[in-house]
Amino acid sequence: MITISKLLFKWHKNAVSPTLNINQLNIKQGEHVFLHGPSGCGKSTLLALLAGINTATSGEVSILNKNLNSLSNTQRDVFRADHIGYIFQNFNLLPYLTPLENVSLGCQFSKQRQQRALQQSNCLTAESARLLNALGLAQHLHHQDVGKLSIGQQQRVAAARAFIGSPELIIADEPTSALDTNNRQSFIKLLFEQAKHANSTLVFVSHDESLQPLFNRSIDLVNLQAAS
Ligand SMILES: Nc1ncnc2c1ncn2[C@@H]1O[C@H](COP(=O)(O)OP(=O)(O)OP(=O)(O)O)[C@@H](O)[C@H]1O
């Protein structure tokens with residue numbers, strides 16, 4: 001589902017060495033991948049390339065057999081909305097909307113994802129509620145302003161928003177960094193359950209190596225680049 005080949009990425013075209021240099025990486029549909037490495041090694045840069053927010057300086061980044069470099073900016077935006085759910089480190093939720101509204105917005109730019117959400121439930125609000133429950137946000141909080149929720153509760157909303165409409169790829173950039181160890185592990189288990197339910201591939205970045213054994217694959221970005 002993800003193929004990277006001969007990828008070079010430079011933030012500035014005159015930079016002497018690239019930020020990313022990855023000869024080959026393949027990730028299969030449904031894999032749960034833990035991506036780690038020291039601060040500054042390029043994890044967030046790689047996620048932005050997978051999401052088509054930035055494009056390769058040279059080489060190929062393909063998702064679902066689409067080479068993202070071959071798409072225009074608008075086509076990449078559409079592709080992202082249709083196929084990728086992104087859980088941001090700071091969640092990027094709209095604080096004056098409720099969890100139900102925030103989650104429903106996750107598929108506002110994609111007809112495909114709206115249709116898939118409606119195959120799961122009668123309406124987008126019902127599907128948002130199903131996901132919030134599945135990710136552990138108590139029902140009585142579904143109608144509160146998101147800005148009044150705890151960090152752990154907001155994180156569950158951000159995850160439900162990424163999963164609505166069952167995107168094939170879920171990208172999570174350090175979504176557990178504000179949680180204690182027990183909460184991290186239980187949250188990740190809920191993420192895995194949803195990823196299984198939707199058959200989504202999960203690429204999860206974290207500094208916390210204790211989470212590594214929970215995943216079926218682990219990629220050290222420094223080693224991956226050294227092998228290139
Ligand atoms: N917008 C940008 N413009 C220029 N350089 C950038 C930009 N974003 C990141 N970089 C540089 O790219 C390199 C990789 O940064 P990146 O944020 O991808 O690392 P990271 O592994 O995600 O780090 P962390 O674990 O601290 O979040 C760093 O040297 C950083 O300074």
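The exercises below work through a predicted model of one protein chain with a ligand, each followed by a stepwise solution.

Residues are numbered from 1 along each chain as its sequence is written. Because the model is predicted, local features need pLDDT of at least 70 and side-chain atom pairs count only at pLDDT 80 or more, while totals for chains, interfaces and linings use all residues.

**Exercise 1. Describe the overall dimensions and make-up of the protein chain.**

Step 1. Begin with the secondary structure: the protein chain has eight helices and nine strands, where helices (H or I, at least four residues) and strands (E, at least two) are DSSP runs numbered from the N terminus.

Step 2. Turn to the dimensions: along the principal axes, the C-alpha atoms fill a box of roughly 55 × 40 × 30 Å. The radius of gyration is 17 Å, which agrees with the value near 17 Å that a compact globule of 228 residues would have; this radius is taken over C-alpha atoms, and the globule rule is 2.2 Å times the number of residues to the power 0.38.

Step 3. Consider burial and contacts: 39% of the 228 residues count as buried, a residue being buried if 20 or more other C-beta atoms lie within 10 Å of its own, exposed if 12 or fewer, and partly exposed in between, with C-beta atoms placed from the backbone. Among contacts with a separation of 6 or more, 75% come from residues 24 or more positions apart; two residues are in contact if their C-beta atoms, placed from the backbone, lie within 7 Å.

Step 4. Add the record: UniProt, in an unreviewed entry, places the feature "domain: ABC transporter" at residues 2-227. UniProt positions follow the numbering used here, feature names are shortened, and annotations may be inferred rather than shown by experiment. In the model, that span is 37% helix and 21% strand, and its end C-alpha atoms lie 18 Å apart.

**Exercise 2. Work out the order of the antiparallel sheet and identify its edges.**

Step 1. Four strands form this open sheet, in the order β2-β1-β4-β5, with antiparallel pairing. One side of β2 (20-27) and one side of β5 (66-67) are left without a neighbour in the sheet, because each of these edge strands has a single partner strand.

Step 2. Inside that order, β1 (residues 2-9) and β4 (residues 58-63) pair in the antiparallel sense over five bridges; two strands are said to pair if DSSP finds at least two bridges between them. Isoleucine 4 stands opposite valine 61 in β4.

**Exercise 3. Trace the parallel pairings from β6 to β9.**

Step 1. Strand β6 (residues 84-87) pairs in the parallel sense with β7 over four bridges, and glycine 85 has isoleucine 170 as its bridge partner in β7.

Step 2. β7 in turn pairs in the parallel sense with β8 over five bridges, with alanine 172 opposite phenylalanine 204 in β8.

Step 3. Four bridges join β8 (residues 201-205) to β3, again in parallel, and histidine 32 stands opposite leucine 202 in β8. β3 also pairs in the parallel sense with β9 (residues 217-220) over four bridges, where histidine 36 stands opposite aspartate 220.

Step 4. Check how covered these strands are: four of the five residues of β3 (residues 32-36) are buried, and in β7 five of five are buried. In a regular strand the side chains alternate between the two faces of the sheet. In β7, Leu169, Ile171 and Asp173 point one way and Ile170 and Ala172 the other way, and all are buried.

**Exercise 4. Compare the surroundings of three loop residues on either side of β7.**

Step 1. Serine 166 lies in the loop between α6 (151-163) and β7 (169-173), with a positive phi near 45° although the residue is not glycine. Serine 166 counts as buried, because 22 other C-beta atoms lie within 10 Å.

Step 2. Glutamate 174, in the loop between β7 and α7 (181-198), also has a positive phi, near 50°. With 18 other C-beta atoms within 10 Å, glutamate 174 is partly exposed.

Step 3. Proline 175 is found in the loop between β7 and α7 and counts as buried, with 27 C-beta neighbours inside 10 Å. Leaving aside residues up to four places away in sequence, proline 175 touches Ile87, Gln89, Gln155, Ala158 and Ala159. The C-alpha atoms of proline 175 and alanine 158 are separated by 8.8 Å, and the two residues are 17 apart along the chain.
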